[in-house]
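Student: Please take one part of this model and go through it closely, in a single connected account. I would like to follow how the strands are put together and what packs against them.

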Amino acid sequence: MKNIQINHAQKGFTLIELMIVVAIIGILAAIAIPQYQDYIARSQVNRVMGESGSLKTAVEDCILNGRLDIGSAAGECDPGATASNLMADGGNAGPDLAAADLVGAGVPTITDPLTAQATIVATFGNNAAAVLQVAPATLTWTRSTNGSWACTSTVPAEYMPNGCAAPAP
C-alpha cells in the first residue's frame, strides 16, 4: 500500500498575526492623532489670520475717508466682516450682522473710534481647537501711524503663523 500524504494548508490568520496588526495600527494612531490635532490648530490660526487680515483694507479706507466710527449708519465705517465659528462671540467688525448670525460665532473687534494706530483683534473661541481657547488666544493686527500693519498673537509658539510674532513683553 502506498502512503498518501495529505497537505493541510493553513486558512486565515493566527491570533498572533492579528494581534500584531492591531498593535501596529494602535501605534500609528497614537502618533497620527496628536499630529493631526496640531495641524488643525495651525490651520485654524492661519484661517483667523486671513479672516481678520482681510479687514485691513476696509479699515484703511475708512481712516483715509474720515469715517472713524464703527457702524452701519451713514458716515460710519462698516468693515463688512462675516461671522466666523473660530472666533469668540461678539466683536464689532460686522455691525450689520444680526444677533442670530453671531450665535456660536464672532467677528474681530476694531478700535472704535478709528485712529491712526487702529487695531483689529480676533479672539479664538467657539469651535477653535481647545489649545487656542485656554487663555483664550488672540491675533492682533496693529496699524502704525505710517499706514503699515503688523501682526502679533498670543497663540502658543508652535502654532504661530508666518508673518506674525508674539507681543513684545
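Tutor: Two strands are taken as paired if DSSP finds at least two bridges between them. The model is predicted, and what follows was computed from its atoms. By that rule, strand E2 (residues 119-123) and strand E3 (residues 138-143) are paired, since five bridges join them. The two strands run antiparallel. Two of the partners can be named: Ala122 in E2 is bridged to Leu139 in E3, and Thr123 is bridged to Thr138.

E2 also has a neighbour on its other side. Two bridges join E1 to E2, again with the strands antiparallel, and here the bridge partner of Ile110 is Ile120. The whole is an open sheet of five strands in the order E1-E2-E3-E4-E5, with mixed pairing. Its edge strands are E1 (109-110) and E5 (164-165), each of which pairs on one side only. Strands of a sheet pair through backbone hydrogen bonds, either parallel or antiparallel.

Now the faces. In a regular strand the side chains alternate between the two faces of the sheet. E2 shows the alternation: Ile120 and Ala122 point to one face and are buried, whereas Thr119, Val121 and Thr123 point to the other face and are not buried.

Next comes the helix. H1 (residues 15-53) lies across E2, E3, strand E4 (149-153) and E5, and it runs at about 35° to E3. Ser52 is a residue of H1 and a useful place to look at the packing. Leaving out residues up to four places away in sequence, Ser52 touches Pro108, Ile120, Ala122, Leu139 and Trp141. Among these contacts are Ile120 and Ala122, the two E2 residues described above as buried on one face. Leu139 is another of the contacts, and Leu139 is the bridge partner of Ala122. Ser52 counts as buried because its relative accessible area is 0%, and the cut-off for buried is under 20%. Its side chain also makes a polar contact with the side chain of Trp141, at 3.2 Å.

Trp141 has a further partner. The charged end of Lys56 sits over the ring of Trp141, 3.9 Å from the ring centre. Thr57, the next residue along, belongs to helix H2 (residues 55-64). Thr57 counts as exposed because its relative accessibility is 62%. Its C-alpha atom is separated by 8.5 Å from that of Pro79, a residue 22 places apart from it along the chain.

The loops around E2 and E3 hold some backbone exceptions. Most residues other than glycine have a negative phi, and most peptide bonds are trans. The bond from Asp112 to Pro113 is cis, with omega near 5°, and Pro113 is found in the loop between E1 and E2. A cis peptide bond also joins Ala135 and Pro136, with omega about -10°. Pro136 has its place in the loop between helix H3 (130-133) and E3. Asn126 is not a glycine, yet it has a positive phi of about 55°. Asn126 lies in the loop between E2 and H3 and is partly exposed, with a relative accessible area of 28%.

Notes
Residues numbered from 1 in each chain as written. Predicted model: local features only at pLDDT ≥ 70, side-chain atom pairs only at ≥ 80, totals over all residues. Heavy atoms only, no water. Helix = DSSP H or I, 4+ residues; strand = E, 2+ residues; numbered from the N terminus. Contact = heavy atoms within 4.5 Å. Axes fitted to C-alpha atoms, helices over the stretch in contact; angles between N-to-C directions. Lys NZ or Arg CZ within 6 Å of the ring centre and 35° of its normal. Buried < 20%, exposed > 50% of the residue type's maximum accessible area, 1.4 Å probe, protein only. Polar contact = N/O pair within 3.5 Å; in protein donor to acceptor, adjacent residues only side chain to side chain.
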